[in-house]
Amino acid sequence: MSAQTNLYEHLADELAALIASRVFAPGDRLPSIRHLAQQKRLSISTVMQALRLLEDRGLVNAKPQAGYYVRPRARGLVSLADAQDMKEPTYVGINNLLMEVLRAMKTPGALQLGLSWPPDELLPVKRMQQVMSAVARRSPELLTREGCFDTNEPNFVRQVIRRAVDWGRINPQEIIATNSCTEALSLGLRAVAKPGDTVAIESPTYFVLLQLIESLGMKALEIPTDPKTGISVDALELAMREGLVQACLLVPNANNPLGCIMPEANKKRLAGLLTQYDVPLVEDDVYRDMCFPSDRPWPVKAYDRSGHVLLCSSFSKVVSPSARVGYIVAGRYTEQVAYLKNVSSGGTNHFTQAVLADFIGSSSYDSQVRKMRRAVTQRVARMSDAVSAFFPDECSVSSPQGGFVLWVQMPDEVDALALHRQAIEKGIAFMPGQLFSASGKFGNCIRLNCGNAWSTEIERAVRTIGELVHQQLDQGILRAARERPRVIEFTR
Ligand SMILES: Cc1ncc(COP(=O)(O)O)c(C=O)c1O
């Protein structure tokens, strides 16, 4: 019995691998049952079991009298970046909804497809333990020294500069160590804009950036953003020329949630526009090391000749989200950022800066980055295949070039928030699209975290979300049929 089980599972895995590597492309017919049985020296019933398993996994469809065909994949997202699409600047009000969603996600036992965090099992916990005890032994004064008047740990600054040599030379005077990238972004935005100002953002964008704009009483201007090439520089130029924006807050490398990377030519053009129109850019570069192409992209800061770019990053995505160590390279706004840093949190933990500096200065960091990128690239592809298999054919999915997430666009009738509530009841958490817009866009989209190792639980969860989407669509069709105007008969 178990040998039999292994035989059909083995054949199913073999065929699944051929489908994944596109030997059998979407729409292709698989070899016939008889042919597979002869070729693999298996019984007809074993081959049929294998094909049924592939059907269950959503990889193939059976067509009566015709055989098994590879299922079509979900379509890629179409370009959204039409400059005409730009709306008015708007005050942001997503915080209450975000809190509600985050609270629901804490439901005990919920399977987490919501957060854009690296999976624990890929993080270098053992190595960090070693580095921590080595630093504590070597420099015990770091456990007592107060960091108020001296924010930076010198070796941390050195390592930040070293890691940037591929794209340029950072002036050490411009670096300020922060408590994570989030603090860097907050300090940067507070330094360059004031309440009532308008901040240009990508659309969709990371909800914490919206929350930040909301908390500071600023307005957001959503700039059309292409799922492959990022923010429309044409649209942004239009907004700058019209004097609509006082600052930009962007994630040019692996935008969260689209995962797109701005082409280098667009970054260079953007840097020129910032100088020309005297508009600062707070650049969130937290995913640079988690971009999949082998040539690491450069930040916009690499093209900045006038100091208008405030580069923000951290080591949360590759080394340790809990260390909360990041930095800002603040350009012409350094003094203001230093002042704000001082009054907001005094300093940044010198011990953790020293630990991070040791780690990122060693070869461990490069192998850690390689390991993470390899694993996450595969996991994103696996999740994308599952979305293709289990979601309705009308859905489209992003092709991220970095980061941990996939963005799924569903038909307009689907309500991502209702979907989120239904999924939470079934113990599955993800992010509804409404949280990624200041103006209520993307109510038919969801963001899925792909960082975790693939498992039957995750496969089941994606299948369940797909079924819920099917249900919403079916109910919509029924409702539309019920609401269709009836023919009124005249009675005399
Ligand atoms: C675009 C982006 N910026 C910043 C952060 C947060 O970084 P940190 O944990 O260093 O504050 C995240 C985390 O999800 C993110 O997606």
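Student: How many residues of domain 2 are in contact with residues of domain 3?

Tutor: In this predicted model, 32 residues of domain 2 are in contact with 25 residues of domain 3. As a general idea, the size of an interface is often expressed as the accessible area lost when the parts come together. Here one may instead read the contact by its residues. Those on the side of domain 2 that touches domain 3 divide into 23 nonpolar, six polar and three charged.

Student: Which elements give two or more residues to the side of domain 2 that touches domain 3?

Tutor: They are helix H4 (95-105), helix H8 (207-215) and strand E8 (219-226). The largest share, four residues, comes from H4.

Student: Where do the domains lie along the chain?

Tutor: The domain assignment gives domain 1 as 2-70, domain 2 as 83-104 + 123-365, and domain 3 as 369-483. The C-alpha centres of domain 2 and domain 3 are 27 Å apart.

Student: I should like to turn to sheets. What is the strand order in the open sheet of five strands?

Tutor: In general, the strands of a sheet pair through backbone hydrogen bonds, in either a parallel or an antiparallel sense. In this structure the order is E3-E14-E15-E18-E17, and the pairing is mixed.

Student: Why is one side of strand E3 and of strand E17 left without a neighbour in the sheet?

Tutor: Strand E3 (75-76) and strand E17 (431-432) stand at the edges and have a single partner strand each, so one side of each lacks a neighbour in the sheet.

Student: In which sense do E17 and E18 pair, parallel or antiparallel?

Tutor: E17 and strand E18 (residues 445-449) pair in the antiparallel sense, over two bridges. Met431 has Arg447 in E18 as its bridge partner.

Student: Which helix lies across strands E14, E15 and E18?

Tutor: Helix H13 (residues 363-390) lies across strand E14 (396-397), strand E15 (405-409) and E18. The helix runs at about 20° to E15.

Student: How should I read the packing of two helices, and at what angle do H2 and H3 pack?

Tutor: One reads the angle, the distance between the axes, the handedness and the residues that meet. Helix H2 (residues 33-40) and helix H3 (residues 44-56) pack at about 115°, and their axes are 9 Å apart. Their crossing is right-handed. From H2, Ile33, Leu36 and Ala37 meet Ile44, Val47, Met48 and Leu51 of H3. The residues of this contact are seven nonpolar, no polar and no charged.

Student: Which residues come nearest to the ligand?

Tutor: Of the 13 residues around the ligand, the nearest are Ser180, Cys181, Thr182, Ser314 and Ser316. Helix H7 (residues 180-192) provides the largest share of the shell, three residues. By character, the shell comprises five nonpolar, seven polar and one charged.

Student: What should a reader look for in the backbone itself, and which residues does a cis peptide bond join at Pro204?

Tutor: In general, most peptide bonds are trans, and most residues other than glycine have a negative phi. In this model a cis peptide bond joins Ser203 and Pro204, with omega about 10°. Pro204 is in the loop between strand E7 (198-203) and H8. A cis peptide bond also joins Asn256 and Pro257, with omega about 25°. Pro257 is placed in the loop between strand E10 (247-250) and helix H10 (264-277).

Student: Is the phi of Gln65 positive or negative?

Tutor: Gln65 has a positive phi of about 65°, although it is not a glycine. Gln65 belongs to the loop between strand E1 (60-63) and strand E2 (67-70).

How values were computed: Residues numbered from 1 in each chain as written. Predicted model: local features only at pLDDT ≥ 70, side-chain atom pairs only at ≥ 80, totals over all residues. Axes fitted to C-alpha atoms, helices over the stretch in contact; angles between N-to-C directions. Left-handed = near helix turned anticlockwise from the far one by under 90°. Contact = placed C-beta atoms within 7 Å. Nonpolar A, V, L, I, M, F, W, Y, C, P; charged D, E, K, R; others polar. Near = placed C-beta within 6 Å. Domains from an automatic or database assignment. Pairing = 2+ DSSP bridges.
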